[in-house]
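Below are some remarks on the model, set out as numbered points. Please read them with the structure open.

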Amino acid sequence: MQKWLFSALAALFVSTLIISVIFAIIPLCNNVLLLAVAMAVSGLAMGIIDTIANIQLVTIYQKDSAVFLQALHFFIGFGALVSPLIADPFLSETGCGNHTGNGTETMHHFRNMLRNSPIAEHNITQSHLPHEGGEEESSVHYAFWIMALINLPVPIAVLFLMYREQLIPCCPSTTPRLLDKDELAMENQQGAEGLDVEHEHEAGGHGDIFSCCQNDNLRGLPVSFFMIHILGGMVLFMTDGIVGAYAGFVYTYGVAPPMSLPHKTAGYLASIFWAAITAGRLLSIPLSYRFQPVRLLMFNLAGAIVTVLMLLIFYTSSIFLFVGTCLCGLFLSSIFPCMLAYTEDILDYRGCATTVLVTSAGMGEMVMQVLVGSIIQTKGSYSFLLCGMIIACAGFILFIGLLLFHQMHRNYLTGTAKKSAMVQEPATKESKTEQKEEKESS
């Protein structure tokens, strides 16, 4: 446990430090290739942080991890909401010198697309940008430097945590380890030790996340074990794809006919969406105490489908677009942490499912934005909501499949437990008979 905790915290320390360094050097990149490499390294570091943070919470708190996962993803949503507000003052509309009113509208559109749709297909060519007058030097680099400074306390905090957990050999700590004081974590760890012995081969028990791919650990496992991983990943592929696509293209949908909102008004849509996601995750923390993750998943997926359907029906109502955006953020907010808690509960908290789910969610967010963006460009803005409806329904169907395979896996575990009990019963009787004969002979 200590070795795995050291590896996880060391990876978190290096990754968080890399993010600060990358954000500091991004303004110094003078060509697209260098910028692409910097962004790729930053994305890799963020992916490591996302995976390890989720796995650690699941491993430490297990059946109580749903609440902590909701709290973790609340802070992720809060960061996504706040970071554009930090960068916004440095993306001034007047930073390009003298230009016409039409140029101002184009620049405002460009700003919102940068803020809300990082990989969207922009219909803004160089000829549309203003060229009149001398351009002032952009101050956007200050936003990256500020974010780099804001992030610096994170690797320092991770290093301090390693010190408190007595994981730094050169700096031994005399204070008790934090995990030893955490009664909830210790209780779950003690329960996990017994579970590991009992279900090591039955439920696909693995020593660490890298052993998930070892043939010896996968041999003899039922089809339901693999289908739970696949279907859980596909559900998050769809739902996180909706989150990425909605945040990226709701501005484009708002300014295009038939909605035709003013650019400034449409610019608030993505912020409202992220604010609703943040609020929904905060609200889900107490709800996780009262309801099982599977019930929250069912409610949220059904709510997302109904919301998108209402947006399709009232596609000309600007008021309902804002209401629907808020509802959509609330329903989609807790699907990711609930799915992590649900699948890991099925598979006895081995951590393998978390790796698959985090990877699938990231792929969905990337692929769906490209796919939906291409469809919007060729078919028009109304296809934005149609894509959302199709993706949401596909996610719900996959979730129903996940429930069926969960029942199959439960039946498999019950049957295996009965077989092992039948095998152990004759052995117990024989041992008792032998003990009785020894007593009689003595």
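**Notes on a predicted model**

1. Surface patch. In this predicted model, a nonpolar patch on the surface is formed by Leu17, Val21, Ile25, Leu28, Tyr142, Trp145, Ile146, Leu149, Ile150 and Leu152, and together these residues have about 880 Å² of accessible area. Two helices, H1 (2-25) and H5 (141-151), each supply at least two residues of the patch. The most comes from H5, which gives five residues.

2. A member of the patch. Leu149 is one of the patch residues and lies in helix H5. Leu149 counts as exposed because its relative accessibility is 59%, and the cut-off for exposed is over 50%.

3. Cavities. Rolling a probe the size of a water molecule over the atoms shows where empty space is left. Here the count comes to two cavities of 30 Å³ or more. The largest cavity has a volume of about 90 Å³.

4. Lining of the largest cavity. The residues that line the largest cavity are Ile242, Ala245, Tyr246, Val308, Leu311, Val372, Phe384, Leu385, Cys387, Gly388 and Ile391. Helix H10 (223-255), helix H12 (293-313) and helix H16 (383-441) are the elements that give two or more residues to this lining. H16 has the largest share, with five residues. By class, the lining holds ten nonpolar residues, one polar residue and no charged residues. The polar one is Gly388, because Gly is counted among the polar residues in this scheme.

5. Salt bridge. How many salt bridges does a search of the whole structure find? The search finds one. Lys63 pairs with Asp345, and their closest N and O atoms are 3.0 Å apart. The pair links distant parts of the chain, 282 residues apart: Lys63 is in the loop between helix H2 (32-61) and helix H3 (65-87), and Asp345 is in helix H14 (residues 335-346).

6. Exposure of the two partners. Lys63 has a relative accessible area of 61%, so Lys63 is exposed. Asp345, at 33% relative accessibility, counts as partly exposed, because this value falls between the 20% limit for buried and the 50% limit for exposed.

7. Backbone geometry. Most residues other than glycine have a negative phi, and most peptide bonds are trans. The next three points list departures from this pattern.

8. Cis peptide. The peptide bond that joins Pro257 and Pro258 is cis, with omega about 5°. Pro258 lies in the loop between H10 and helix H11 (263-290).

9. Gln62. This residue is not a glycine, yet its phi is positive, at about 50°. Gln62 lies in the loop between H2 and H3, the loop that also holds Lys63 of the salt bridge. Is Gln62 buried or exposed? Gln62 counts as buried, because its relative accessibility of 9% is under 20%.

10. Gln166. Phi of Gln166 is also positive, near 60°, in a residue other than glycine. Gln166 is placed in the loop between helix H6 (153-164) and helix H7 (178-181). With 39% relative accessibility, Gln166 counts as partly exposed.

Conventions
Residues numbered from 1 in each chain as written. Predicted model: local features only at pLDDT ≥ 70, side-chain atom pairs only at ≥ 80, totals over all residues. Heavy atoms only, no water. Patch = residues over 30% accessible without salt bridge, like charges linked within 9 Å, V, L, I, M, F, W, Y side chains within 5 Å. Areas by Shrake-Rupley, 256 points an atom, 1.4 Å probe, with all protein chains shown as cover. Salt bridge = Lys/Arg side-chain N within 4 Å of Asp/Glu carboxyl O. Helix = DSSP H or I, 4+ residues; strand = E, 2+ residues; numbered from the N terminus. Buried < 20%, exposed > 50% of the residue type's maximum accessible area, 1.4 Å probe, protein only. 1 Å grid on protein atoms, 1.4 Å probe; cavity = no way out; pocket = protein on both sides within 12 Å on 5 of 7 lines; lining within 4 Å. Points joined across faces, edges and corners; volume = space filled by probe spheres on them.
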